[in-house]
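Reader: Hi! I would love a close look at one part of this protein, the largest pocket and the pieces around it. Could you walk me through what lines it and how those pieces are put together?

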Amino acid sequence: MPAFHLAEVNVARLVAPLDSPQLAGFVSRLDEVNALADAAPGFIWRLKDDLGNNATAVPIYDDDKIIVNMSVWESVEALRAYTYSGAHLEVYKQRREWFSLMKEASMVMWWVPAGHLPDVAEARDRLAHLRAHGPTAFAFPFGAPFPAPEDRAVAGAPASQPEA
């Protein structure tokens, strides 16, 4: 069992309220897409609200138009396989219908010790770090992943720490 797992968070700014007709297609697919994630190889955990539902009601910023999705996976490869296949890919391709383009990074990944479940504050910090410093071992985008700390240690690279 690996000593580290991959955490990821993505945020999106809604183009309309969640209960609007414009977002009906997105809302109608949430349970399906979340169930597929829950059953996907390499899936560990995802953020849910206090009732065990999706995370659309969980605030990450003081802006109720921004929704959050956060999950933990065994590896970048497991997350990539889920993200770019099946129903999730179908929904992903429609994202411009439901979400406005964000000028700053809206997704970040980082390594967590196996068993650690990140909270929203941790996710906000990682996303802010990526926005301020670009890809680092502390916070990186899908397109520029860093190896897990155990893999970096084997290669002689520094451990995952924030960079100023």
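Author: Happy to; what follows starts at the pocket, moves to the helix that lines it, and then visits some other places in the chain. Please keep in mind that this is a predicted model.

Let us begin with the pocket itself. The largest pocket holds about 1,000 Å³ of space. Its lining is made up of 44 residues, and the closest to the centre are N10, V11, N69, H88 and Y92. Which elements give two or more residues to that lining? They are the strands β1 (4–14), β2 (43–46), β3 (66–73) and β4 (99–100), together with the helices α1 (24–39), α2 (76–83), α3 (86–93) and α4 (95–98). For the chemistry you may care about, the lining divides by class into 26 nonpolar, 11 polar and seven charged residues.

One of the residues closest to the pocket centre, H88, deserves a stop. H88 belongs to helix α3. Is H88 buried or exposed? Its relative accessibility is 18%, and because buried means under 20%, H88 counts as buried. Setting aside neighbours within four places in sequence, H88 is in contact with V33, Y82 and T83.

V33 brings us to α1, where V33 is among the buried residues. Which element gives the most to the pocket lining? That is α1, with six residues. Helix α1 has 16 residues, and the distance from its first C-alpha to its last is 24 Å, close to the 22 Å expected at 1.5 Å a residue. Within α1 there is also a kink of about 40 degrees, centred on L30. L30 is itself buried, as are F26, R29, V33, N34 and A37. What do the buried residues of α1 pack against? Their partners are β2, β3, α2, α3, α4 and β4, and each of these elements also gives two or more residues to the lining of the largest pocket.

Just past that helix comes A40, placed in the loop between α1 and β2. A40 has a relative accessible area of 14%, so this loop residue is buried. Not counting residues up to four places away in sequence, A40 touches W73 and Y82. Y82 is thus a contact of A40 and also a contact of H88. Looking back along the chain, V27 is 13 residues from A40, and their C-alpha atoms are separated by 20 Å.

Helix α2 offers a contrast in burial. A81 lies in α2, and at 48% relative accessibility A81 counts as partly exposed. The C-alpha atoms of A81 and V108 are 17 Å apart, with their positions 27 residues apart along the chain.

Helix α5 (residues 120–133) is another one to look at. Its 14 residues should span 20 Å at 1.5 Å a residue, and its end C-alpha atoms are 20 Å apart, which agrees. Buried in α5 are V120, E122, A123, R126, L127, H129 and L130. These buried residues pack against β1, β3 and β5 (107–113). Strand β3 is therefore a shared partner, packed against by buried residues of α5 and by those of α1.

Last, let us visit helix α6 (residues 149–155), where E150 is found. E150 is partly exposed, with a relative accessible area of 28%. Apart from residues up to four places away in sequence, E150 touches P2, A3 and F4. L117 is 33 residues from E150 in sequence, and the two are 19 Å apart in space, C-alpha to C-alpha.

Notes: Residues numbered from 1 in each chain as written. Predicted model: local features only at pLDDT ≥ 70, side-chain atom pairs only at ≥ 80, totals over all residues. Heavy atoms only, no water. 1 Å grid on protein atoms, 1.4 Å probe; cavity = no way out; pocket = protein on both sides within 12 Å on 5 of 7 lines; lining within 4 Å. Points joined across faces, edges and corners; volume = space filled by probe spheres on them. Helix = DSSP H or I, 4+ residues; strand = E, 2+ residues; numbered from the N terminus. Nonpolar A, V, L, I, M, F, W, Y, C, P; charged D, E, K, R; others polar. Expected span 1.5 Å × (residues − 1). Bend = angle between axes of the 7 residues up to and from the residue. Buried < 20%, exposed > 50% of the residue type's maximum accessible area, 1.4 Å probe, protein only. Contact = heavy atoms within 4.5 Å.
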